[in-house]
Every structure is written in structure tokens, then in C-alpha cells.
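Trainee: Before we begin, could you show me the structure, so that I can ask how each term is justified?

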Amino acid sequence: MSTLSLALEHLIPAESSIPEEFRIQELHQREYLIDGELRTWDGPVQEVLSPVYIQTDRGARRKVIGSYPLPASDIEAMQALDAAVRAYDNGRGEWPTMSVADRIACMERFVGKMMERKSQIVSLLMWEIGKTLGDSTKEFDRTVEYIYDTIDALKDVDRASSRFRIEQGIIGQIRRSPLGVVLCMGPFNYPLNETYTTLIPAILMGNTILFKPPKHGTLLHFPMLEAFKECFPKGVVNTIYGRGNTVVPALMRSGRINVLTLIGSSRVADQLKKLHPKVNRLRAVLGLDAKNAGIILGNADLDLAVKECLLGTLSFNGQRCTAIKIVWVHRSIADRFLERFTEEVNKLKPGLPWEKGTQITPLPEPQKPAYLTECLRDAEAHGAQVVNEGGGTVQESFFFPAVVYPVSPAMKLYREEQFGPVVPVVPFDDIEEPIQYIIDSDHGQQVSIFGTDPAEIASLVDPLVNQVSRVNINAQCQRGPDTFPFTGRKDSAEGTLSVEDALRSFSIRTVVATKDTADNKAILNDIVEEHRSEFLSTKFIF
């Protein structure tokens, strides 16, 4: 057994050796939220196994951390849909007709209750998906910040529309109105933050929600069910559980889903959209696949390129849609880049999520180590090799990062989104090679360019901004800050998820208008002065 294998084997602890403050109390969820009620589930359940292995009398086993409802049919999902439809009531329900100020007040109460549950949610993030303590805490804090930023953005939007306009003899007031019932499905890699970046703006804009937690990262949402129940009118937020292919198709076929929001696979999104009987009525807000490229030019600052590519490719084990998933490096500096890059990769510390300094953690998807190993064998069969010592070493759910070179079009790693700690590196002689790769790709989220010549960088920026939605110069691909637009071209996204853009994605501009006559002015003045309408209003939210 190699030294690395032995080191990884030592990362499978006895339960008694885990520090008391990081042990987890099993959470066996038997409640789900529908129509303002926390209903008790007495049917089949899904056992939740942590990516963290524990030494037992039977050898290494994934730690059981709880369970949650697993309906065998779509009955409960359809009940949740009925509740959301009733709560929306064709736009006449309590929530869609409530004032913006009152909806904000409900959300502020919700955030307060969310913060009370921080320690439990952070613990569940660590144990459910293997995210480090620091990153789990950061995800929680960033989500709270995102909610407050969204509230502030909504205030700005509402203030801008709190007046009447007169154009060509027509008086009108333009505001944003909700779209209806939203089906919200988030991802496992950022199960709190990425889920809430769609869930929160959808709720704030007056829509009602069907919320399906991700397969990995389900339990961490349970502590918030009581808060959803207490802070919003009944039927505004409803949870659904079960296999996606069991419960979701019926929802889409019903034609009563107005907005599909999914952060996940383009293949799944495509299938779900096709199930809707009135596709022109369906709005979609989607964050999908990405195969972001890093392009390292011959004149790049290698120290900077190595640092940013290390973060870009392997932060949270490379399990980010914004990760750099293929690195193109000019052949003249390829050897020097690989030498420095592999040296830094092999300094990364594998460890358990709560251990200080951990950078590589267990993978939450049970099948992922085998898939990544298959990608390595495929690359080797087509002439590449793992160039860092110990790269690709597997120990249960741990997979030590592998740098693969030279990657070519015949290999899976060239075209498939690996979504894990494998870094494909492709040498190039002509800059047209990586540009053509990006043009031919089905994905179009981001790209990173590393170089020092302003003229050369400028010559790349102009064509690439028409292929991807964010070009990073001498920096890794990333989402933040949340005030910047986050979207993609081709099969990578639909809709835009910055703070303000998300509010617009879950609403539509609506105008109430009348001719500029004395009688009509009197009617409008009476409505406004007597506060007869939430839409026709000049209230100003501070």
C-alpha cells in the first residue's frame, strides 16, 4: 500500500475519536410541510449516509446520520401542488396580493429564525455533503447575506416603481407582478446557498413554492420547515420528497407549474420542460452544466496562473459548476506549469470536514470515485497519464486529485463535465485551438484567461464574450459577487441569477393605465389616497 493510501486510510476514524463538538445527532425526519401544516409521514424512508466513513466491527462504513420521507408515488407531491395553487389563487391569494413591505417583513422574520438554527445547519452541511467546517459556515453566512441583499434590491425596485408616469396622454403605473406556482429544485454541492438563490427571490416576488430538496443535502433543510410554516401564509411554501423521476413528471404534466427552477443537469431540465403541456406558458430559471476552460498564454505569470487554477479546479473537490474543468496551456510553458501545479496539488491536505486545514474531503456521491477512475483509465488508454504522484488514489469516498496530461479530443475528460477532483490539461500551439474548443462546446458559462500582454488578452475577450457569459482575466471562474450577473449561454443556463436579476426572473412587468382625463385622475387619486390597492400605490419603502 502506498504512503498516500495509508494516509487516506487513517482518515476513517472510530466514532469515539471524533471530537464531541463535531459529532452529529441522528436526524430522522418524519415531517413535511404542505398547506401550512407540518404533516407526519409514516411511510417508506430514505436512509441518509454521510460521505464520512466510520470504523465499525464490520469494517469501514458510511456514517448513518438520519432519514427522510420517501414517497413511492406522486400523491403527496400533487397535494403540495394543490396547496400552492390554492394559495396563489390565480393571483388573488393572500401572498400575491400582499404589499411588498409586508412580504419583506415576513422574510425578515424568517431570516431571524434561520440564524437561530445556524449551528445545526452547518453541522448537517458538513456531514451530508462532506464540506469543510469553514466552507459550511461560509455557505450559511453567504446565504444570510444574500437574503438581506435581495431584500434591499427589492426595496430599490419597488421605490423606482412607486410613482405614476404620463406618456402621450396615458397615465400608468408599472410594477412587477408574480408569475404563479414555482417548482424549485436545488443542487447538492451548494444545497443551501444555491437553492436559496432561487427560492428566496421567488417567494419575495409573491409566487407560491413547491420545494424539492436535493438528494444529497436533504436533511439540512428540515430545521427550516417550522420557520417557513410560521413566517409565511399557508400554502406559500410546500415541500416535496421522493425520487425525482417518480414525483416530478406528474407535476409538470399537470400544466399548473408556472416556473421551473433547477440547478442541475441540462438533460433533466430538457426532459422536464418537454413534459409541460403548455410550454409557452412555462418560465424556466436554470443553472446547468458547465465545462469552464482556463487558457494559460505563453506570457502568463506562472505563479499567479498556478494559484488561481488550483483554486479554480479543486476548491470543494472541483464540485462546483463554476470550477475550471479543463486547462489549456501553451506548449512552450506546459512543462513548467505542470511542474509547479502538480507540486501545489500534492500539498493539498486531505482530511475530515471538521479538521483544521482540510482541503480535500470525502465525495458525497457514492458512485463518483468509480466514475473518476474510469475517466483516468480512459485517458491513459488514449495516451495521457496522471502526472502528479498519487493522483487518483481512492480510499472509500476519498479521491486524491489527479492531474492528467496531455488530454486530447478522444478522451472523456476532454468533453465530459467530470465534476470532481480531476484536472485535464491540454497543450496548445495556436490560440485558435482553445477558442475553437469553446465555440464547439455545448456549454457556455465562463472562461479564465491568464496572460500579461494587454493586446493579446483584448483580442481574446472580444470573441469570448460572445461564447460565454463571464470572462475572467488572471482569475479563477466563480459566481460572486452576487450583485454581478450569473448566467450562461448554450446549455449552461436559462435566466440570470444576480440579486436583482433573480427578482426580475421570478416576476413580470405589469402596467395599470388610463387616459389622462380629469375623471380618471380623480379615480386614481381616490384609490391612492384611500389605500384601496396594493398595486396602485405611491408608498415608499425605506
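Trainee: What makes the reach of helix α11 close to the expected one?

Mentor: This is a predicted model, in which local features need pLDDT of at least 70, side-chain atom pairs count only at pLDDT 80 or more, and totals for chains, interfaces and linings use all residues. Residues are numbered from 1 along each chain as its sequence is written, and side-chain values use heavy atoms, with hydrogens and water left out. Helix α11 (residues 331–345; helices are DSSP runs of H or I of at least four residues, strands runs of E of at least two, numbered from the N terminus) has 15 residues and reaches 20 Å from its first C-alpha to its last, close to the 21 Å expected, the expected span being 1.5 Å times one less than the number of residues.

Trainee: Where does α11 bend?

Mentor: The bend, which is the angle between axes fitted to the seven residues ending at a residue and the seven starting there, is about 30° at phenylalanine 337.

Trainee: Why is strand β21 called largely enclosed?

Mentor: Buried means under 20% relative accessible area, exposed over 50% and partly exposed in between, with a 1.4 Å probe and protein chains only; 5 of the 5 residues of β21 (residues 446–450) are buried, so the strand is largely enclosed by the rest of the structure. Gln446, Ser448 and Phe450 point one way, Val447 and Ile449 the other.

Trainee: How do you know that β21 pairs with β22?

Mentor: Two strands pair if DSSP finds at least two bridges between them, and 4 bridges join β21 to β22 (residues 470–473), which run parallel; valine 447 has valine 471 in β22 as its bridge partner.
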